[in-house]
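Hi,

Here is the structure I promised to pass on. Have a look at it first, and my notes follow underneath.

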Amino acid sequence: MAGKLDLDATVVARARALAARAGQPVVDLARSHTTVSVERAVLRLAGVTGADPDGIPWVNRLVDAVRADVGLGHGVAVPVFHAMETTGVEDVTVLAQKAAAGSVRFTVPAAPGRARQRARRATAAGLKRIDRRRAERDRLIKRHGDPKQRPWIYLIVATGDIYEDIPQAQAAARAGADVIAVIRSTGQSLLDYVPEGATREGFAGTYATQENFRLMRAALDETSKEVGRYVRLTNYASGLCMPEIATLAGLERLDMMLNDSMYGILFRDINPIRTFVDQRFSRQIHARAGIVINTGEDNYLTTADAVEAAHTVTVSQLMNEYFAHEAGLADWQLGLGHAFEINPDLPDSFRLELAHALLARELFPDAPLKWMPPTKHMTGDVFRGNLLDGFFNLAGALTGQGILLVGMMTEAVVTPWLSDRDIALQNVRYVLNGAGNLHEDFTPGPFIRGRANQVLSEAIDLLERIVDDGMLNAIADGTFGIMKRPADRGKGLDGVEKQDEDYYNPVVEDL
Amino acid sequence: MIIRPYGDTTGDGMVQLSFTLPIPHDKRAEGAALQLAGKMGMDPAMLVHAKQMGDGYTFFVVYGKVNHLVDTDKVHVVERDFPLLSAKEVNAAIKRRLRRRLNVVGACIGTDAHTVGIDAILNLKGIAGEKGLEYYSELSVTNMGAQVSVPDLVETAREKKADAVLVSQVVTQRDAHLQNTRAMSAAFREALPAGRRPLLIVGGPRFDELMAGELGVDRIFSRGTTPREVASYLVHALAGSPA
């Protein structure tokens, strides 16, 4: 499918080089800071589990206790494992409980060698569990097989109750879904802890917890056997607990995670530095766990105009690619996002959509692009919505998208009903069955080629400005999705600390 | 005026209806669907489509005639009770009566990240070919964007000496838009005395325009509202309608 747009290879290379230059200072920032959530993820890998009677996880209590005594700049691993040694406590969760009760004091030993060694042994055991889950996924894919067609069909369930979600997810898989995403409860991204246990109450979604992950994965393993293809499970490594959720996803064999480099900053007003530090660590975990990330460029177009801002999507995709590669993710793990959000009343709107979608396809030929359905121009007119979704599906097939999020005609009306999902899947099946191979016959003309090249050149102009201005300033100025997010503001900033000279993170050592 | 639904002939009373019943598809299920349609007042009802979904559910489409009459004189809605002005008239009225620019602060509150509504009304770009409030030279607009907390909104309104506060709620679940609106209006009542409180306006597709009093706001705008309507209302409420 490569080569339909006549993209100039030197221009594409220039775009990538600019993205790397723009991203480098952010990577430096991420490498020189740590956050409460990164440190909590380390402790989760080291074996801290469970929560106190108020539902606050022991990892939170332990990180808070360490921080109160010695700060985060050394990393929590050394003070924690040094305390294990001095107190003689063998179980790190027990240590967390004692620390929460105030009976442990944390110090940084002058010779940290032994504590480092012990910490690394503990976290290596956690990483080994992630490795085993990855091998298990490979085995199951071999046994049950991948979906027959591309794009993979991605469906959302979200009832708030994991025990309601399970039968709905299984039904969706039987009806043709290849990927199930369990939408999170509204506002979880702003919780600075990961809730514990199976949950039955949520707002427009279900809490991401380790137990919910485990339950849903087990149910979909059963369904995979039944339908004869491996059904993938998706959740959200975003918000203030991104590194921990990535870790839990690896431990419970989730297959895809939403993990955008800037979504939290722009749409949740999370502090930019917090986000970039958390994101780098979570991507390193995803790389290790064989998880495909989904980025969130589609969101820019819900606030900005999809034609005027088309190049911001390209810029963000290039940045996401750079950050992902830097963190160790391979191309097959990059579900770069984009969306069908052009005003349908605009003349040639569909041709413009094809141009944008093909541009993404050809810029990232080995990435399983995530193609997102219309939301902004969906109205209460469900009949028109169904037609728009049909064209969205056609654009997906015609431009070789990797993952297709099924659009609902009742978008902006209700959370999808059973019948909405059924009608939406019929729509997808009709298009893929009737026109799934139409890309073989599709050669774009000058309009689409011209538009794609124009977007690419606007993207390069913007990247040049970002290189000159600095990425953090660009975010502060509202370059992406119109929202202005200065680096010294936003939620979660108080959970960021600069790494000291002796900072030690046993997980990063192994990643 | 007394009217009936219209299919293709005046007075035919035809409507369409779709729904799902939690039973597998068979003759009995079709009968059950027709029974429901009958109880909803469709007589005769025609079952035109039935499709089983999964193991235990069937989706139906029913067309049929209803005998109910609708009396348009007995309908209660919020009619526009102010004149619709052009941008020029809006600016002129503010200049003449207020002798200063009118300050507007807008935001999406709660967890709603969808700024499409507030942006359509405030951003220069506007919607449907109509420019947003930023275009009006006599309006000074502060758009705080998405996920603004109520205390931040009150603080900004105070700081900007807002004459009017516009709040948008697009995506909502379990009546979050109503709870958020009540919290917002309560916060303004608490923070500012009656005379210094800005005009409170909320908008969004899920609001009922009749609920303004109940929610403690001055005005609710629902689906399809344009910037010009909002600007005209601001003039009417804050600068008195022009003669």
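Let me start with chain B, where 5 strands make an open sheet in the order β7-β6-β8-β9-β10, with parallel pairing. Strands here are DSSP runs (E, at least two residues), helices are runs of H or I with at least four residues, and both are numbered from the N terminus. Two strands count as paired if DSSP finds at least two bridges between them. At the edges sit β7 (139–143) and β10 (219–221) of chain B, each pairing on one side only. Neighbouring strands of this sheet are turned by 20° against each other on average, direction ignored.

Before going further: this is a predicted model, where local features need pLDDT of at least 70 and side-chain atom pairs count only at pLDDT 80 or more, while totals for chains, interfaces and linings use all residues. Residues are numbered from 1 along each chain as its sequence is written, and chains are lettered from A and ligands numbered from 1 in the order in which they are written.

Back in that sheet, 3 bridges join β9 (residues 199–203) of chain B to β10(B), and the two run parallel. If you want one pair to look up, B:G203 has B:F221 in β10(B) as its bridge partner. Helix α4 (residues 150–159) of chain B lies across β6 (102–108), β7 and β8 (164–168) of chain B, at about 165° to β6(B). Angles run from 0 to 180 degrees between N-to-C directions, with axes being lines fitted to C-alpha atoms, for helices over the stretch in contact.

The domain assignment (bounds come from an automatic or database assignment) splits chain B into domain 1 (2–71) and domain 2 (87–238). Their C-alpha centres lie 41 Å apart.

Chain A has an open sheet too, with 9 strands in the order β7-β6-β5-β4-β3-β2-β10-β9-β8 and parallel pairing. Its edge strands are β7 (334–335) and β8 (337–339) of chain A, each paired on one side only. Helix α8 (residues 210–227) of chain A packs on this sheet, touching β3 (179–182) and β4 (232–236) of chain A, and its direction makes about 160° with that of β4(A).

Finally, where the chains meet, 17 residues from chain A and 16 residues from chain B take part (contact means C-beta atoms, placed from the backbone, within 7 Å). On the chain B side, β4 (57–66) and α3 (116–122) each supply at least two residues.

Cheers

Notes
Two residues are in contact if their C-beta atoms, placed from the backbone, lie within 7 Å.
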